[in-house]
Amino acid sequence: MRVFVTGASGLVGSRLSRELVDEGHQVVALSRRSQQEAHVEWVHGDMVDPGPWQEAVDGCDAVIHLAGESIADGRWSAERKKRLVASRVTSAGRLVEAIGQAKSPPRSLLSASAVGFYGPRGEEELHENSSPGRDFLSQLCVDWEAAAATAQRHGVRVVCLRFGVVLSARGGALQKMLPPFRLGLGGPLGPGSHWFPWVHEDDAIGIARFALEASWAGPVNVVGREPVRMGEFARRLGRALGRPAWLPIPLVAMRLALGEMGASLCPGQKVIPAVAEYVNYPFKHPELAGALAACLGEETS
């Protein structure tokens, strides 16, 4: 296949692009900055704005939209919220514009989303057909998915990948957690009773690959099979490192330090990968203990 990828320099996108190329597919990747990786055909442009980059979608068999400004890089000011919306919702709209203008349009669009779609939900089990929440992240995900879904008007199959926290040895949330945990200063982010939706990088990539080659459409929860609470996650990470994990960061402190964004770092969501299980996706790391061991082993190897 010839696949157009946004966010190809990110945690998930970089590995996904490399794996696609290794299997003989062609990857056309969009970037705002100059890139040098020889295995990818790079197109320069800012996908928030229309431009010549949109022509590169023509002739591609599929589009994978993973781009989006990080939600965890500071307080959510009004201006920052606008950038978060633009980098997700507006960009998805520009992609759909490109698909509509293409003489040979793609057959599939895989668009990133997040479990933030559901908002804080306590003990409720959340499947792909569960209703959205009402906070900022929920509305952001709702609008993001709605923008991507308009590609269906052009006969395109649309899959929305609702990612949980991706655990990886190469970066992301786990790498930010490790320094305090290694010093014995780690603990839960907010209430330890809150559910913490996680997924190992292997399965984040695997589910995306599975969806790319499938025929089904709609939302897909990209999370591990074992739901765990934040407190249990912290204990298991501390145990894997041989360190205590007894210093929680209270929710009030997170709100004081990070504002609205701090309260969204671990809102409490018991997310179930119902679609992945229904289509018999073969999880590589279905349980947290194995996922953490794999990440820590890769980091030290």
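The following questions and answers examine a predicted model of one protein chain.

User: How many helices and strands does the secondary structure of the chain come to?
Analyst: The chain has 301 residues, and buried residues make up 51% of them. Its secondary structure comes to 10 helices and 13 strands.

User: Why is the chain described as being as compact as a globular protein of its length?
Analyst: Along the principal axes, the C-alpha trace spans about 60 × 40 × 40 Å. The globule rule gives 19 Å for 301 residues, and the chain is close to that value, so it is as compact as a globular protein of that length; its radius of gyration is 19 Å.

User: What share of the area that the chain exposes is supplied by carbon and sulfur atoms?
Analyst: The chain exposes about 13,200 Å². Of this area, carbon and sulfur atoms supply 54%.

User: Among contacts between residues at least 6 apart in sequence, what percentage join residues at least 24 apart?
Analyst: The contacts considered here are those between residues at least 6 apart in sequence. Within that set, the share that joins residues at least 24 apart is 77%.

User: Which strands are the edge strands of the open sheet?
Analyst: Strands of a sheet pair through backbone hydrogen bonds, either parallel or antiparallel. In this sheet seven strands are arranged in the order S3-S2-S1-S4-S5-S7-S11, with parallel pairing. An edge strand pairs on one side only, and this holds for strand S3 (41-44) and strand S11 (218-222).

User: By what angle are neighbouring strands of this sheet turned against each other on average?
Analyst: The sheet in question is the open one formed by seven strands. With direction ignored, its neighbouring strands are turned against each other by an average of 20°.

User: Which residue in S7 is the bridge partner of serine 111?
Analyst: S5 and S7 pair in the parallel sense over seven bridges. S7 (residues 157-163) is also joined to S11 by five bridges, again running parallel. On the S11 side, proline 219 stands opposite cysteine 160. For serine 111, the bridge partner in S7 is likewise cysteine 160.

User: Are the residues of S7 buried or exposed?
Analyst: Arg157, Val159, Leu161 and Phe163 point one way from the strand, while Val158, Cys160 and Arg162 point the other way. The residues on both sides are covered, and seven of the seven residues in S7 are buried.

User: Which helix packs on the sheet with its direction at about 175° to that of S5?
Analyst: Helix H1 (residues 11-22) lies across strand S1 (2-6), strand S2 (26-31), strand S4 (62-65) and S7, but runs at about 155° to S2. Another helix touches S4, strand S5 (108-114) and S7, and its direction makes about 175° with that of S5. This is helix H3 (residues 136-149).

User: Which residues form one aromatic cluster?
Analyst: A pair of aromatic rings is described by the distance of the centres and the angle of the planes. Phenylalanine 210 and tyrosine 281 are edge-to-face, at 5.6 Å centre to centre and 80° between the planes. The rings of tyrosine 281 and phenylalanine 283 have centres 4.9 Å apart and planes at 80°, so this pair is also edge-to-face. One cluster is thus formed by Phe210, Tyr281 and Phe283.

User: How many residues apart along the chain are phenylalanine 210 and tyrosine 281?
Analyst: Phenylalanine 210 belongs to helix H5 (residues 201-212), whereas tyrosine 281 lies in the loop between helix H9 (274-278) and helix H10 (288-300). The pair therefore links distant parts of the chain, and tyrosine 281 is buried at 9% relative accessible area. The separation is 71 residues.

User: Is histidine 285 buried or exposed?
Analyst: Histidine 285 is in the loop between H9 and H10. Beyond its neighbours within four places in sequence, it contacts Trp198, His200, Asp202, Asp203, Gly290, Ala291 and Ala294. Its relative accessible area is 13%, and under 20% counts as buried, so histidine 285 is buried.

User: What distance separates the C-alpha atoms of arginine 225 and arginine 32?
Analyst: Arginine 225 lies in the loop between S11 and strand S12 (228-229), and is partly exposed at 47% relative accessibility. Its contacts beyond four places in sequence are Pro273, Glu277, Phe283 and Pro286. Arginine 32 is 193 residues away along the chain, and the two C-alpha atoms are separated by 36 Å.

How values were computed. Residues numbered from 1 in each chain as written. Predicted model: local features only at pLDDT ≥ 70, side-chain atom pairs only at ≥ 80, totals over all residues. Heavy atoms only, no water. Pairing = 2+ DSSP bridges. Helix = DSSP H or I, 4+ residues; strand = E, 2+ residues; numbered from the N terminus. Axes fitted to C-alpha atoms, helices over the stretch in contact; angles between N-to-C directions. Contact = heavy atoms within 4.5 Å. Rg over C-alpha atoms; globule rule 2.2 N^0.38 Å. Buried < 20%, exposed > 50% of the residue type's maximum accessible area, 1.4 Å probe, protein only. Areas by Shrake-Rupley, 256 points an atom, 1.4 Å probe, with all protein chains shown as cover. Phe/Tyr/Trp six-rings, centres within 6.5 Å; stacked < 30°, edge-to-face > 60°.
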